[in-house]
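This report deals with enclosed space inside one protein model: how much of it there is, and what lines it.

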Amino acid sequence: MTDTTAPLSFEISRHTSPVNDVVRSVILDDPGFGNHFTDHMVSIDWSIEGGWDNARVIPYGPIALDPASSVLHYGQEVFEGLKAYRHEDGSIWGFRPEANATRLNLSARRLALPELPVEDFMRSLRELIAVDGAWVPSEYDTSLYLRPFMIANESFLGVRAAQKASYMLIASPAGPYFSSGVKPVSIWLPREYSRAGRGGTGEAKSGGNYAASLLPQREAVENGCAQVLFLNAENRDHIDELGGMNVFLVTRDGRLLTPNLNGNILHGITRSSIIQLAQDRGITVEERPVSIHEWKDGVQSGEITEVFACGTAAVVTPINTLKGEDFLVGDPEAPAGELTLSLREELTDIQYGRRPDPHGWMTRLDS
Ligand code: PLP
Ligand code: COI
């Protein structure tokens, strides 16, 4: 019987034909986002009887799933997203990785999946970096995007929480999420679609929430927008978040407004870090319901001077227009706001080790 309280030990099987140095360096020079994967991945099994077991680093490749595997039918899945940054001295660091471990477990609880001890999550990151550290790029604004995820994996068609699951970790070298880089983007407000409702899974990082966002996201792209904005489902009066990012508004008198964690939106780690950095500067941050009218009317009257999105993939991305079927607010030619850019710079300077880390957010992953 497995001792479920002891930290897992990982078995390492190295790839026999990893990507060669020349090909890897071509990829790392211009990685895009989510297009390339490192040579290895982590996999850990869970069962209701045995707990977490069989932790291993294996060559990256397809996984075999029984066609009756529960994740394929009922979408019982959660995931995370965080980045490993290469500092100037070559060392490799994660940004608040324990917060991702905690959020994975918050999501897992909501999706009736097992929780992975934080220590084992951290170990999975370190084990993957130990074999695939060469995949962490060093160009400006690049990183290795780490994608931990957990799937229900029991071959059984009854609708109940699975009694078997798998945790996996894959990694992908990453440049900017938006091909436009730090240039301001437009956001699409769909007429009807919602992403989450009270009591639902909105604050869990679960694939189903993203599945619900894909049709409106396609509508956004068809209308020249980079992301879709979701309002609260009950009366569509307040902003929740974008398909894959949190949102902030800056007021003329220098306050930051962002929707409070209302159960429907993701507890963004970038969001909480921006709040902290702003408060360190003495900026007032209001976490509260933010009405869509505050955005639309505020931009028109000049009361709202900047809007930005934030997230691991997006970092801090300026927004200059909000569009819907019958309206457009903002100026498509407007440059990024000053506060937006300076918060982005402060955050990325900490992440890349270019300035001190006063909150102890960085964790070394390669030793
Ligand atoms: N909201 C959604 C729906 C997301 O997918 C993400 C990205 O992970 C975020 C917000 C931002 O979260 P974080 O800053 O932790 O990456
Ligand atoms: C992330 O920022 O990590 C996400 O999961 C969002 C997605 C747009 C890639």
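## Internal cavities

In this predicted model, the count comes to two cavities of 30 Å³ or more. The table sets out the volume of each together with the make-up of its lining.

| Cavity | Volume | Nonpolar lining residues | Polar lining residues | Charged lining residues |
|---|---|---|---|---|
| Largest | about 100 Å³ | six | six | one |
| Second largest | about 30 Å³ | four | one | three |

The largest cavity is lined by 13 residues, and those that lie nearest its centre are Tyr85, Phe95, Thr270, Thr312 and Gln351. Two or more residues of this lining come from each of strand 5 (82-86), helix 6 (269-280) and helix 8 (338-351), with strand 5 giving the most, namely three residues. Seen at the level of domains, the lining of the largest cavity takes at least three residues from domain 1 (11-174) and at least three from domain 2 (185-351).

For the second largest cavity, with about 30 Å³ of space, the lining can be given in full: Arg195, Ala196, Phe230, Leu231, Asp240, Glu241, Asn264 and Ile265. The elements that supply two or more residues to this lining are strand 10 (227-231) and strand 11 (239-242). By residue class, the lining of the second largest cavity holds four nonpolar residues, one polar residue and three charged residues, whereas that of the largest cavity divides into six nonpolar, six polar and one charged.

Notes. Residues are numbered from 1 along each chain as its sequence is written. Chains are lettered from A and ligands numbered from 1 in the order in which they are written. This is a predicted model: local features need pLDDT of at least 70, side-chain atom pairs count only at pLDDT 80 or more; totals for chains, interfaces and linings use all residues. Side-chain values use heavy atoms; hydrogens and water are left out. On a 1 Å grid over the protein atoms alone, a cavity is a set of points where a 1.4 Å probe fits but cannot get out, and a pocket is an open set with protein on both sides within 12 Å along at least five of seven lines; lining residues have an atom within 4 Å of a point. Grid points are joined across faces, edges and corners, and a volume is the space filled by probe spheres set on the points. Helices (H or I, at least four residues) and strands (E, at least two) are DSSP runs, numbered from the N terminus. Ala, Val, Leu, Ile, Met, Phe, Trp, Tyr, Cys and Pro count as nonpolar, Asp, Glu, Lys and Arg as charged, and the others, Gly among them, as polar. Domain bounds come from an automatic or database domain assignment.
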